[in-house]
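Student: I have a chain open on my screen and would like to talk it through with you. Could you help me get my bearings?

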Amino acid sequence: MNAIKRWCCSRAPLLVVAVVVISGVSCLVCARPGCLPRAYGLAPAADPDPEKCWSRAQCEGKYAMLLHQFKADKDAEEYGEFKELGHRNKKKYGAQDNLSPGFWVYVQPYWYIWGERTDRAKRAKRSWGTEQIIGEPDVTVGGSNGNAWCPRTTDAAEEWLLLEYETPVKPVAVLIHENSIPGGVVKVTAFKMDGAEVELWKGEDPTSANDVSGVSEIKTKTDFKTNRIKIYIDSKNIPGWHEIDAVGLRDDKEKTHWVVHAVASSTYAGDEPALDRAAEQEERISNLEEEVQTLRKIVQELKKQLEKKEK
Ligand SMILES: [Ca+2]
């Protein structure tokens with residue numbers, strides 16, 4: 001035992017020096033300090049750039065209107081660093097609840113659930129549908145207009161709009177064009193590129209409920225990029241059919257961006273169309289593929305057991 005202690009004590013300073021040198025050394029390939037210890041499992045891996053993950057998760061523009069994004073580091077063990085899973089209708093997944101049906105894509109360490117496939121035929125615009133909020137304002141006179149979004153009921157439910165913009169920017173203002181019964185907006189949030197929802201503003205709508213119409217300019221200071229904004233409307237407590245024509249996002253270079261995709265809590269145009277047939281078939285095929293893979297594993301396992309018995 002004493003011999004072991006002597007050996008260890010004589011080499012301990014050398015070991016300490018080695019660990020310090022390795023943990024501080026820059027990798028010869030990527031020149032990042034600490035890369036070498038991570039490669040040997042001595043330090044946790046840094047998360048990849050969330051904006052790059054988001055960009056990859058769109059699958060070269062195939063998917064749009066991000067409904068949910070959440071972290072699931074351990075799923076890399078099953079799916080690797082990238083997996084396009086297809087359409088799924090899972091309301092719950094791990095700690096996540098109330099998930100909407102959509103197209104699932106995994107880019108380590110995030111799951112993305114997209115609401116739309118851009119290669120599908122676009123349906124005709126419905127008056128007061130969510131799609132009426134897309135693009136620049138096109139209601140020129142205050143008052144109810146089918147070129148604006150309107151919720152299903154006057155005052156029966158809390159309403160919200162989730163709006164997607166083409167490019168992530170640092171916003172300095174959100175411009176809400178309220179063409180009929182304004183005054184209902186009570187909160188505006190933005191989603192960071194890692195999926196976190198951040199409150200930008202909360203309070204009384206700058207446009208009065210007594211006005212015919214107006215543009216509520218919500219000024220904000222953010223130190224992060226976003227391409228998704230959520231607007232909350234206190235429809236229950238502020239009576240009337242609130243209509244919104246368009247929502248601009250002014251960036252830190254004073255350029256205003258307009259909505260490219262949108263979903264809402266409800267719409268006066270009626271229910272959102274049921275899952276289209278192509279998505280239904282895609283989901284059935286994906287489920288069958290998973291079942292076939294599971295059956296293959298079971299058959300292989302049974303074969304092995306049989307071979308053992310025959311020997
Ligand atoms: Ca409009």
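Student: Let me start with the open sheet: in what order do its four strands come, and is the pairing parallel or antiparallel?

Tutor: This is a predicted model, and in it the four strands of the open sheet follow the order S1-S4-S3-S2, with antiparallel pairing. Strand S1, residues 63–71, and strand S2, residues 82–88, stand at the edges with a single partner strand each, so one side of each has no neighbour in the sheet. From one strand to the next, the twist averages 25°.

Student: How many bridges join S1 and S4?

Tutor: S1 pairs with strand S4, residues 110–117, over seven bridges in the antiparallel sense, and leucine 66 stands opposite tryptophan 114 in S4.

Student: Which helix lies across S2, S3 and S4?

Tutor: That is helix H3, residues 50–57, which runs at about 135° to strand S3, residues 102–107.

Student: Back to S1 for a moment. Glutamine 69 caught my eye, so is it buried or exposed?

Tutor: Glutamine 69, which is found in strand S1, counts as buried because it has 24 C-beta neighbours inside 10 Å, where 20 or more is the cut-off for a buried residue. Leaving aside residues up to four places away in sequence, glutamine 69 touches Tyr110, Trp111, Tyr112 and Gly195.

Student: And how far apart are glutamine 69 and phenylalanine 191 in space?

Tutor: Their C-alpha atoms are 9.6 Å apart, although 122 residues separate glutamine 69 from phenylalanine 191 in sequence. For the chain as a whole, residues 24 or more positions apart account for 74% of the contacts with a separation of 6 or more.

Student: Changing topic, which residues touch the most other members in the largest nonpolar core?

Tutor: Within that core of 28 residues, they are Ile133, Trp149, Leu161, Leu163, Ile229, Ile231 and Val247. Two or more residues each come from strands S5 (159–169), S6 (171–180), S7 (185–191), S10 (226–233), S11 (243–251) and S13 (261–264). Another core, of 17 residues, lies apart from it, and includes Cys53, Ala57, Tyr63 and Val107.

Student: What does valine 247 touch?

Tutor: Not counting residues up to four places away in sequence, valine 247 touches Ile133, Leu163, Val174, Leu175, Ile176, His177, Ile229, Ile231 and Val259.

Student: I also want to check the backbone. Where is there a cis peptide bond?

Tutor: The bond from glutamine 108 to proline 109 is cis, with omega near 10°, and proline 109 lies in the loop between S3 and S4.

Student: Which residues other than glycine have a positive phi?

Tutor: Methionine 65 is one of them, with phi near 55°, and tryptophan 128 is another, with a phi of about 65°. Methionine 65 lies in strand S1, whereas tryptophan 128 lies in the loop between S4 and S5. Methionine 65 is buried, having 21 other C-beta atoms within 10 Å, and tryptophan 128 also counts as buried, with 21 C-beta neighbours inside 10 Å.

Student: Before I lean on any of this, what is the mean pLDDT of the chain, and where does pLDDT stay under 50?

Tutor: The mean is 85, and 82% of the residues reach 70 or more. Over residues 12–42, however, pLDDT stays under 50, and for that stretch the model has 20 contacts beyond four places in sequence.

Methods
Residues are numbered from 1 along each chain as its sequence is written. This is a predicted model: local features need pLDDT of at least 70, side-chain atom pairs count only at pLDDT 80 or more; totals for chains, interfaces and linings use all residues. Two strands pair if DSSP finds at least two bridges between them. Axes are lines fitted to C-alpha atoms, for helices over the stretch in contact, and angles run from 0 to 180 degrees between N-to-C directions. Two residues are in contact if their C-beta atoms, placed from the backbone, lie within 7 Å. A nonpolar core is a set of buried Ala, Val, Leu, Ile, Met, Phe, Trp, Tyr and Cys residues joined through C-beta atoms within 7 Å. A residue is buried if 20 or more other C-beta atoms lie within 10 Å of its own, exposed if 12 or fewer, and partly exposed in between; C-beta atoms are placed from the backbone. pLDDT is the predictor's confidence in each residue, from 0 to 100.
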